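Hi,

Here is the structure I promised to pass on. Have a look at it first, then read my notes underneath.

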Amino acid sequence: MDALLPETLTMAIDDLSDRQGYDENFLGIPLPLPSLQYFETTVLPYTNFSIVMRPDKRLAAVTALGIDGSQLMELGREGIDWRLDPRLPEDHQTGERVYARNGIDRGHLVRRASAVWGGTRDQAAQANADTFFYTNAAPQAARFNQSLELWLGLETYLLENAADHGRRLTVFTGPIFSEQDPLYRGTEIPLRYFKIAAFLVEGQLGATGYVVDQTPQLGELPDVPPPGALDEAPPLRPFRTFQVPVRDIEALTGLNLGQLVAADRMPIATALPTATITSAWRQLSSPECLDLDFDLQS
């Protein structure tokens with residue numbers, strides 16, 4: 001089958017030397033880029049966001065995006081092709097071979113609509129194009145990527161209802177790697193993804209964590225090995241999205257999230273600090289189901 005797949009694409013070298021990346025002081029309170037122990041990583045700055053890559057997985061460990069809701073712009077994606085990042089060796093990132101002629105999508109980790117903002121249209125346009133590097137892609141079953149409106153809408157909902165510092169929000173997103181992830185065309189496909197939103201509540205840092213699972217969808221793809229049982233996970237149906245304690249995300253990913261764990265605004269995270277992983281997960285059917293220890297704006 002590999003003989004039928006396209007070779008790695010040749011691309012014009014993008015000049016990325018001016019990219020500033022994620023701003024740790026974006027919220028007015030220092031919030032460093034999460035780090036990962038025990039694994040080699042590479043930090044790649046883009047426009048309005050940064051990506052911490054795991055070369056051994058050929059995927060991001062975490063992405064960090066600052067969203068300025070007051071400067072968001074609506075720009076199209078026409079004419080923008082997915083491309084490799086020239087700052088990384090080709091074998092340290094996924095390319096078109098993973099996504100060709102199958103039911104797998106290039107899922108944006110940094111959501112395109114959330115990254116497209118700036119003081120000028122040129123800045124917003126550059127951010128728009130930057131989200132189409134393969135370093136920002138994660139292999140996701142097509143219906144997972146295209147139909148999960150709740151997962152995609154959480155950023156917008158929190159930006160409009162929770163952020164109180166000039167409508168600013170910081171979002172960390174990434175895969176939850178597991179030994180159960182199926183190997184497909186040389187890349188392990190993550191079964192679960194996390195998102196952490198950070199914002200200010202009455203001048204104090206607040207955070208909320210989320211997990212989504214794509215196991216049922218991957219099981220429907222004919223040439224992807226079936227995943228094993230997830231011993232830690234609750235029983236999942238397609239597209240189940242959960243609000244979860246940030247400490248669970250830290251435990252599952254190995255990322256250093258201490259500041260965000262301390263700022264978690266999910267009441268059960270404080271009430272049950274020693275609860276086992278997944279036992280405090282709350283299934284969401286709409287953004288209004290969020291469990292927070294403060295009142296959202298009307």
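Below is what turned up, starting with one helix and moving on to salt bridges.

A quick heads-up: this is a predicted model, so local features need pLDDT of at least 70 and side-chain atom pairs count only at pLDDT 80 or more, while totals for chains, interfaces and linings use all residues. Residues are numbered from 1 along each chain as its sequence is written, and side-chain values use heavy atoms, with hydrogens and water left out.

Helices (H or I, at least four residues) and strands (E, at least two) are DSSP runs, numbered from the N terminus. Buried means under 20% relative accessible area, exposed over 50%, and partly exposed in between (1.4 Å probe, protein chains only).

Helix 7 spans residues 246-253, and 6 of its 8 residues are buried. Those are Val246, Arg247, Asp248, Ile249, Leu252 and Thr253. They pack against several elements, including strand 6 (168-176) and helix 8 (258-262), where contact means heavy atoms within 4.5 Å. Just after helix 7 comes Gly254, with a positive phi of about 80°.

Now the salt bridges (a side-chain nitrogen of Lys or Arg within 4 Å of a carboxyl oxygen of Asp or Glu). The whole structure has 9 of them. In one, Arg168 pairs with Asp68, with the closest N and O atoms 3.3 Å apart. That pair links distant parts of the chain, strand 6 and strand 3, 100 residues apart. Asp68 is buried at 3%, whereas Arg168 is partly exposed at 23%. Asp18, Arg19 and Asp130 are linked in a salt-bridge network.

Cheers
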